Amino acid sequence: MTIKPVHIYGPTFSNFVRSVMLVCEEKQITYTVGFEVDGSEIAFKGEQHLNWHPFGKIPVLIESNIHAELALAETASICRYLDTDKQLQPSNSQDYAKHDSLCALISIDIDRVLVREYLLEFAFPKGEDKSVRFDVVKEVQPKATATLAIIEKLLNEDTSLSSQEFTIADALLAPMLHYISCLPAGFNLLADFPKVEQYLAELMTRPSCQKVLIAKQL
Ligand SMILES: N[C@@H](CCC(=O)N[C@@H](CS)C(=O)NCC(=O)O)C(=O)O
């Protein structure tokens, strides 16, 4: 089955929107991105969006043809749907299951600490006059560091992250690590994790990552 052009509902700065963009780039699927769908602006958390995703999260993948429209929520599920020929997932059934489990770990626990608790304070500062609350950042920093240590450990193990093949797990993790690498000195925690630094550097040699992972808005 060939995937037709798709629309990714959400802003290009979102790490999860970027994960879907990376998968589209790697698989050469034509895509558009944004809050405008078929010429109409769809309000974030408005009725239509909530019909697509009951918790009003992004991204939502929209694929329309003359018969029907598919609106698919949840990043890892979207990526698996786009990966019809399973080129971005291991073929052996145990490795496939382990990759799936790694994707859940990245998109739930790793995202919560690195993006929701750490990076978002830089992206959308909640201090006075929208300044970054460095006390909040400093408080979360040990947790973010511990999470990077977990990633360093995963990279030292035989996981689909450490292989040469680009996987959905890479697409989920790369935007988060890239944003951390863009933080100012003292907040970019990657220097203490050589494997993570090397992993990101290798990913950044890929045309997909160079196109999608650009330092903006965070
Ligand atoms: N479980 C969802 C989480 C998606 C998610 O948290 N997206 C963020 C943007 S990166 C979002 O929608 N934030 C707005 C909100 O939580 O209200 C997925 O994997 O797609």
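T32 is partly exposed in this predicted model: its relative accessible area is 46%, which falls between the 20% limit for buried residues and the 50% limit for exposed ones. The residue sits in strand β2, which covers residues 31–34.

The surroundings of T32 include a segment that is distant in sequence. Leaving aside residues up to four places away in sequence, T32 touches V6, H7 and I8. H7 is separated from T32 by 25 residues in sequence, yet their C-alpha atoms are 4.8 Å apart. The side chains of T32 and H7 are also joined by a polar contact of 2.7 Å.

From this strand the description turns to the largest pocket, which holds about 760 Å³ of space. Its lining consists of 30 residues, and those closest to the centre of the pocket are F16, K57, I58, D111 and R116. By class, the lining residues comprise 16 nonpolar, 7 polar and 7 charged.

Several helices take part in the lining. At least two residues come from each of α1 (15–27), α3 (75–82) and α4 (93–123). Of these, α4 provides the largest share of the lining, with 9 residues.

The position of the pocket relative to the domains follows from the same lining. Domain 1 spans 6–82 and domain 2 spans 93–212. Because both domains contribute residues to the lining, the largest pocket lies between them.

Conventions:
Residues numbered from 1 in each chain as written. Predicted model: local features only at pLDDT ≥ 70, side-chain atom pairs only at ≥ 80, totals over all residues. Heavy atoms only, no water. 1 Å grid on protein atoms, 1.4 Å probe; cavity = no way out; pocket = protein on both sides within 12 Å on 5 of 7 lines; lining within 4 Å. Points joined across faces, edges and corners; volume = space filled by probe spheres on them. Helix = DSSP H or I, 4+ residues; strand = E, 2+ residues; numbered from the N terminus. Nonpolar A, V, L, I, M, F, W, Y, C, P; charged D, E, K, R; others polar. Domains from an automatic or database assignment. Buried < 20%, exposed > 50% of the residue type's maximum accessible area, 1.4 Å probe, protein only. Contact = heavy atoms within 4.5 Å. Polar contact = N/O pair within 3.5 Å; in protein donor to acceptor, adjacent residues only side chain to side chain.
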